[in-house]
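Here is a short tour for anyone opening this model for the first time. Have the chain on screen and follow along, one spot at a time.

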Amino acid sequence: MTIPQALTIAGSDSGGGAGIQADLKTFQERGVFGMSAITAVTAQNTLGVHDIHVIPTKTIRAQLDAIADDFNVDAFKIGMLGNAEIIECVAAALQAHDFGLCVLDPVMIAKGGAPLLENNAIDALKTQLLPRADVLTPNIPEAEHLSGIKIANQDDAHKAAKILQDMGARTVIIKGGHSSGEQSSDLVVTPDGEFTLSEPRFDTQHTHGTGCTFSACITAELAQGRSVEEAIRTAKAFITAAISNPLGIGHGHGPTNHWAYR
């Protein structure tokens, strides 16, 4: 029996709702063995990010080298990186090692508003990692930062997605969580076409870690050999279940329910 293996390269969330904690929970729920390379340790809860300790790049590279030496990674995701030095470190490791299909979640701002990526690192992200992405999963503010397009409607989202594809990303998902209306609609633009995935918008503050969980589910499905479209559709169903069945944990933006999708 071959166990699918997936890797997350991201920050640690001490509150357990986002980052590598959310990723590993999602990998486990989807039947995939998960590994992690930690880029930063955050002091964080549902009320906000209180401190960030950046891991030295020597240690980040050592984690990635150790994983490559002993495991057969089928797919990996990249989350919080923090600064240009870490982006360059991760990009160099990816030159040296084959970790399979890449899902890039361009984490820039925490749910409570704290910045998670330095401004001078955005260019490094665009030039060194975005071209490696088999699937890119920005929310609307992130897509605006990366593309330079103000997104007010689906036409704008389509233009932004095409710009991001021109930068090298193969499939781009512009997530609709920050839009308005009764439906939360994600625009998916692939090399072969496009489609939209819509689900009812839920009135809840328990949405911490939605982006991490969504991208981790895509990664897990790809690690199991699913097609990109199948992986995205499953991830949309997974995160919808996680949001619509809140755990009620914490006093702020609570975590999603990783057990809800069965």
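## Starting with Gln5

Where is Gln5 found? Gln5 belongs to strand 1, and keep in mind as you look at it that this is a predicted model. With a relative accessibility of 15%, Gln5 counts as buried, because buried means under 20% relative accessible area.

What sits around Gln5 once its neighbours within four places in sequence are left aside? The contacts are Val32, Phe33, Met35, Phe71, Asn72, Val73, Asp74, Ala75 and Ala223. Asn72 is a good one to click on: Gln5 and Asn72 are 67 residues apart along the chain, yet their C-alpha atoms are separated by 6.7 Å.

## Moving into helix 1

Now hop over to helix 1, which covers residues 19–29. Phe27 has its place there, and at 0% relative accessibility Phe27 counts as buried. Not counting residues up to four places away in sequence, Phe27 touches Ala6, Leu7, Thr8, Val32, Gly34, Met35, Lys77, Ala216, Thr219 and Ala220. Take Thr219 from that list: Phe27 and Thr219 are 192 residues apart in sequence, but 8.2 Å apart in space from C-alpha to C-alpha.

Ile20 is in helix 1 too. Is Ile20 buried or exposed? Ile20 is buried, with a relative accessible area of 6%. Setting aside residues up to four places away in sequence, Ile20 touches Thr8, Ala10, Gly11, Ser12, Ser36 and Ile38. From Ile20 to Thr39 the C-alpha distance is 9.7 Å, and the two are 19 residues apart in sequence.

## The loop leading to helix 1

Step back a little and you reach Ser14, in the loop between strand 1 and helix 1. Apart from neighbours within four places in sequence, Ser14 is in contact with Thr42, Ala43 and Gln44. You can also compare Ser14 with Val41: they are 27 residues apart in sequence, with 7.7 Å between their C-alpha atoms.

## Salt bridges

How many salt bridges does the count come to? The count comes to nine salt bridges. One of them pairs Lys77 with Asp23, the closest N and O atoms being 3.0 Å apart. Lys77 lies in strand 4 (residues 75–78) and Asp23 in helix 1, so the pair ties together parts that are 54 residues apart in sequence. Both partners, Lys77 and Asp23, are buried.

Arg30 and Glu221 form another salt bridge, and here the closest N and O atoms are 2.7 Å apart. This pair links distant parts of the chain: Arg30 is in the loop between helix 1 and strand 2 (33–45), while Glu221 is in helix 7 (residues 210–223), 191 residues apart. Arg30 is buried, and so is Glu221. Add Arg226 and you have a network of salt bridges that links Arg30, Glu221 and Arg226.

For a contrast in burial, look at Lys150 and Glu144, whose side chains meet in a salt bridge at 3.8 Å, N to O. Lys150 counts as exposed, at 65% relative accessibility. Glu144, on the other hand, is buried, with a relative accessible area of 19%.

## Two helices side by side

Next up are helix 3 (residues 84–96) and helix 4 (residues 122–129). Their axes are 9 Å apart, and the helices pack at an angle of about 10°. Why does that make them roughly parallel to each other? Angles under 35 degrees count as roughly parallel, and therefore helix 3 and helix 4 fit that description.

Which residues meet between helix 3 and helix 4? From helix 3 come Ala84, Ile87, Glu88, Val90, Ala91 and Leu94. They meet Ala124, Leu125, Gln128 and Leu129 in helix 4.

## A nonpolar patch on the surface

Finish on the outside of the model. Met1, Ile3, Phe33 and Phe71 make a nonpolar surface patch of about 460 Å². Two of these names came up earlier, since Phe33 and Phe71 are among the contacts of Gln5.

Met1 is found in the segment before strand 1 (5–13). Is Met1 buried or exposed? With a relative accessible area of 96%, Met1 is exposed.

Terms used
Residues are numbered from 1 along each chain as its sequence is written. This is a predicted model: local features need pLDDT of at least 70, side-chain atom pairs count only at pLDDT 80 or more; totals for chains, interfaces and linings use all residues. Side-chain values use heavy atoms; hydrogens and water are left out. Patches are made of residues with over 30% relative accessible area and no salt bridge: like charges are joined within 9 Å, nonpolar side chains (Val, Leu, Ile, Met, Phe, Trp, Tyr) within 5 Å. Accessible areas come from the Shrake-Rupley method with a 1.4 Å probe; for residues, only the protein chains shown count as cover. A salt bridge is a side-chain nitrogen of Lys or Arg within 4 Å of a carboxyl oxygen of Asp or Glu. Helices (H or I, at least four residues) and strands (E, at least two) are DSSP runs, numbered from the N terminus. Buried means under 20% relative accessible area, exposed over 50%, partly exposed in between (1.4 Å probe, protein chains only). Axes are lines fitted to C-alpha atoms, for helices over the stretch in contact, and angles run from 0 to 180 degrees between N-to-C directions. Angles under 35 degrees count as roughly parallel, over 145 as roughly antiparallel, 65 to 115 as roughly perpendicular and the rest as oblique. Contact means heavy atoms within 4.5 Å.
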